[in-house]
Structure formats: C-alpha cells, structure tokens
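Student: I should like to be guided through this structure by way of questions. May we begin with the terms that will be needed?

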Amino acid sequence: MSHTGTAKLKQNLLDQLERLLQQKADLDESKDELDDDEYEEMLSDTMEQLKDFSEQLEKMISGDMTLVSELGAMRMALQATVSDAFKTTAVIKLFAKREPGQLRNRLAALQRDQKLGKLSGDAYQQQAVEILAALKKLGEKLTTQEQAYLSSHMTASLQQFEHDGSIASTSKQGVSNIAAAHIKKAQN
C-alpha cells in the first residue's frame with residue numbers, strides 16, 4: 001500500500017473510531033432520558049459496532065505490518081473503551097491517536113482546573129488516572145510522583161488494562177486474544 005493510501009486508511013479508521021466513541025459517549029450522557037430497554041438496545045448496538053470494528057482492525061493488522069503500531073494504538077483504545085478502563089472520551093481519542101504531548105497538556109489543564117475549583121476531586125482523579133495510564137501504555141516515562149499517584153488511584157479495570165501488554169510488545173495474536181477477552185467481558 002502506498003504511503004498516501006496508508007495515511008488515508010489510517011485517517012478513515014481514526015474517524016470511524018472517533019465516531020463510535022462519540023456515539024458511546026452520547027449514549028452514556030443521554031441514559032437518563034431513555035427508558036431502560038431503549039438504552040440497553042442502543043448500548044448493545046454500539047458495543048456490537050465496536051466489536052465489528054475491532055474484528056476489521058484485527059484483519060488489517062494481520063495483513064499489513066506497516067500499520068501495526070498505528071492500528072495497535074487504536075486497538076488498545078478500543079480495549080480500554082470496551083473494558084471501561086477509560087471513561088473519558090477525550091482521553092480515549094488522544095490515546096488512539098498516540099498523542100502523549102496532548103495527553104500531558106490535558107493533565108496540566110486538569111491540574112489547573114482543580115486548583116481553581118472548576119473540577120471536583122473525583123472528576124480530576126478519574127481523568128488524571130486515565131491520562132497517566134494512557135501515557136504509561138504509550139511508553140512514556142512517568143515521574144515518581146505520577147507513578148505513585150497512578151498506583152494509589154488505579155481502578156481494577158485500569159489495572160487489567162495495564163497488565164494486558166504494551167502496544168509495542170504485543171504480538172498480533174496477543175492483541176487479538178486481549179481484545180476478544182475484553183469484548184467477551186463487556187458483553188456479559
């Protein structure tokens with residue numbers, strides 16, 4: 001595949017991932033406005049779309065090794081979403097796009113907003129832990145203070161996500177097995 005074709009495919013995949021993540025976020029936000037059956041049906045449909053996208057991505061990874069790291073990042077973002085390790089759509093998007101600098105900027109903005117009283121302690125903690133976990137998963141070095149904060153506030157789903165292997169070291173089969181396990185867990 002030519003470089004132009006690869007770039008276009010990558011952008012299309014990022015757009016599709018972003019659309020699915022936004023769909024899930026919109027559904028979560030409107031949960032109170034929907035009756036239980038309607039919400040469950042829409043959630044099931046969204047999770048099925050995420051599963052289908054995950055399967056398509058796996059087929060692409062197995063066929064084109066030049067896309068493995070980019071598609072691997074998207075795969076990891078899907079895993080994080082399906083397993084509920086990450087709940088913040090903006091963090092998922094930055095993680096999928098492999099943008100550690102933007103994640104660090106978001107963390108700095110969160111710290112500022114919390115100090116100014118614009119963000120509750122719980123909201124700060126959830127997003128800060130997600131960002132730190134994403135940075136670590138992308139292979140970024142965390143400071144001793146960041147690592148300590150992450151360790152002391154990590155949720156069970158984030159711990160599982162962290163131990164599932166890194167993007168760089170996860171084999172094609174390993175990525176597939178991890179994703180299948182997360183999707184199966186999300187469906188139960």
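Tutor: Buried means under 20% relative accessible area, exposed means over 50%, and partly exposed lies in between, computed with a 1.4 Å probe on protein chains only. This is a predicted model, in which local features need pLDDT of at least 70 and side-chain atom pairs count only at pLDDT 80 or more, while totals for chains, interfaces and linings use all residues. Residues are numbered from 1 along each chain as its sequence is written, and side-chain values use heavy atoms, with hydrogens and water left out.

Student: Is Lys-24 buried or exposed?

Tutor: Lys-24 joins Asp-28 in a salt bridge of 3.3 Å, N to O; the term denotes a side-chain nitrogen of Lys or Arg within 4 Å of a carboxyl oxygen of Asp or Glu. Its partner Asp-28 is partly exposed at 37% relative accessible area. Lys-24 has a relative accessibility of 12%, and therefore counts as buried.

Student: Why are Asp-28 and Lys-24 separated by about one helical turn?

Tutor: Both residues belong to helix α1, residues 3–29. Helices (H or I, at least four residues) and strands (E, at least two) are DSSP runs, numbered from the N terminus. The separation is about one helical turn because the two residues lie four residues apart in α1.

Student: How many helices are there in the protein chain?

Tutor: The chain follows the pattern α-α-α-α-α-α-α-α-α along the sequence. It contains zero strands, and the number of helices is nine.

Student: What span does helix α5 reach from its first C-alpha to its last?

Tutor: Helix α5 covers residues 100–115, a total of 16 residues. The expected span is 1.5 Å times one less than the number of residues, which for α5 gives 22 Å. The span in the model is close to that value, at 23 Å.

Student: Within what arc do the buried residues of α5 fall?

Tutor: Leu-103, Leu-107 and Leu-110 are buried in α5. Seen down the axis, the buried residues line one face of the helix, because they fall within an arc, taken from the directions from the helix axis to the C-beta atoms, of 60°.

Student: Which helix gives the most residues to the largest nonpolar core?

Tutor: A nonpolar core is a set of buried Ala, Val, Leu, Ile, Met, Phe, Trp, Tyr and Cys residues joined through side-chain atoms within 4.5 Å. The largest one has 19 residues, and Leu-103, Leu-107 and Leu-132 are among those that touch the most other members. Helices α4 (89–96), α5 and α6 (121–137) each supply at least two residues of this core. With eight residues, the helix that gives the most is α6.

Student: How many residues are in the other core?

Tutor: This core lies apart from the largest one. Leu-13, Leu-20, Leu-34 and Phe-53 are among its members, and its residues number 13.

Student: How many residues apart are Arg-104 and Glu-146?

Tutor: Arg-104 and Glu-146 form a salt bridge, with the closest N and O atoms 2.6 Å apart. Arg-104 is partly exposed at 27% relative accessibility, whereas Glu-146 is buried at 14%. The pair links distant parts of the chain, with Arg-104 in helix α5 and Glu-146 in helix α7 (residues 144–153), and the separation is 42 residues.

Student: Which residue forms a salt bridge with Asp-113?

Tutor: The structure holds three salt bridges. In the one made by Asp-113, the closest N and O atoms are 3.4 Å apart. The partner is partly exposed, with a relative accessible area of 47%, and is Arg-112.
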